[in-house]
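Here is a plain walk through how the helices of one protein chain sit against each other. Have a look at the fold first, then read on.

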Amino acid sequence: MSKPYYDANDLRKFGKITEWSEELGTKFFDYYGKVFEEGALTAREKSLIALAVAHTEQCPYCIDAYTKDSLQRGVTKEEMMEAIHVGAAIKSGATLVHGVQMMNKVNKLEM
């Protein structure tokens, strides 16, 4: 059996991105940390949002990380699945609404 393209162990190496671009990597991690601080949204809510976005972006590393994080913050399996469905609905709706662009172009070309 062949080795999968994504290696779950690579997630632990994420911090090493600063090695090849220290300034930008550090700025990213500063920003990332700030985003996930408690604010108007709780850390639990932010984790659930991150989980849904991880699925719409199809990032296996993020899915693993925020599934674990969500569970640790008391998010239920039902809440996680519902959040994923919300993300999927938005992603599919965004795809379909761009069909208006195609319709406009067709109408313009048929003139």
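## Helices α2 and α4

α2 and α4 are oblique to each other, because their angle falls in none of the named ranges (under 35 degrees is roughly parallel, over 145 roughly antiparallel, 65 to 115 roughly perpendicular, and the rest oblique). Before going further: this is a predicted model, where local features need pLDDT of at least 70 and side-chain atom pairs count only at pLDDT 80 or more, while totals for chains, interfaces and linings use all residues. Residues are numbered from 1 along each chain as its sequence is written, and side-chain values use heavy atoms, with hydrogens and water left out.

Now for the details of that pair. α2 covers residues 43-57 and α4 covers residues 77-97; they pack at about 50 degrees with their axes 8 Å apart. The axes are lines fitted to C-alpha atoms, for helices over the stretch in contact, and angles run from 0 to 180 degrees between N-to-C directions. As for the helices themselves, they are DSSP runs (H or I, at least four residues; strands are E, at least two), numbered from the N terminus. The α2 and α4 crossing is right-handed, meaning the near helix is turned clockwise from the far one by less than a right angle (anticlockwise would be left-handed).

Which residues of α2 and α4 make the contact? On the α2 side they are R44, L48, L51, A52, H55, T56 and E57, and on the α4 side E79, M80, A83, I84, G87, A88 and K91. Contact here means heavy atoms within 4.5 Å. Sorted by class, the contact of α2 with α4 has seven nonpolar, three polar and four charged residues. In this scheme Ala, Val, Leu, Ile, Met, Phe, Trp, Tyr, Cys and Pro count as nonpolar, Asp, Glu, Lys and Arg as charged, and the others, Gly among them, as polar.

## Two residues of α4

M80 and E79 both appear in that contact list, and each has a place in α4. Is M80 buried or exposed? M80 counts as buried, at 8% relative accessibility, while E79 counts as partly exposed at 29%. The cut-offs are under 20% relative accessible area for buried, over 50% for exposed, and partly exposed in between (1.4 Å probe, protein chains only).

Setting aside residues up to four places away in sequence, M80 touches L48, L51, T67, S70, L71 and V75. With its neighbours within four places left out, E79 is in contact with R44, L48 and G74. For a sense of distance, the C-alpha atoms of E79 and V53 lie 14 Å apart, with their positions 26 residues apart in sequence. M80 and D7 are 73 residues apart along the chain, and their C-alpha atoms are separated by 23 Å.

## Helices α2 and α3

α2 also meets helix α3 (residues 60-72): their axes come within 9 Å and cross at roughly 155 degrees. That makes α2 roughly antiparallel to α3. This crossing of α2 and α3 is left-handed. The residues that meet are S47, L48, A50, L51, A54 and H55 in α2, and C62, I63, Y66, T67, D69 and S70 in α3. By class, the contact of α2 with α3 has seven nonpolar, four polar and one charged residues.

In the loop between α2 and α3 you'll find Q58. Q58 has a positive phi of about 60 degrees although it is not a glycine. Q58 is exposed, with a relative accessible area of 63%.

## Helices α4 and α5

Further along, α4 packs with helix α5 (residues 99-109) at about 5 degrees, their axes 4 Å apart. α4 and α5 are therefore roughly parallel to each other. T95, L96 and V97 in α4 meet G99, V100 and Q101 in α5. That contact of α4 with α5 divides into three nonpolar, three polar and no charged residues.

## The annotated stretch

UniProt lists residues 23-101 as "domain: Carboxymuconolactone decarboxylase-like", in an unreviewed entry. Its positions are given in the numbering used here, feature names are shortened, and annotations may be inferred rather than shown by experiment. Over residues 23-101 the chain is 82% helix and 0% strand, with the end C-alpha atoms 40 Å apart.

L24 is found in helix α1 (residues 22-35), and counts as exposed at 57% relative accessibility. The C-alpha atoms of L24 and G99 are separated by 37 Å, and the two residues are 75 apart along the chain.
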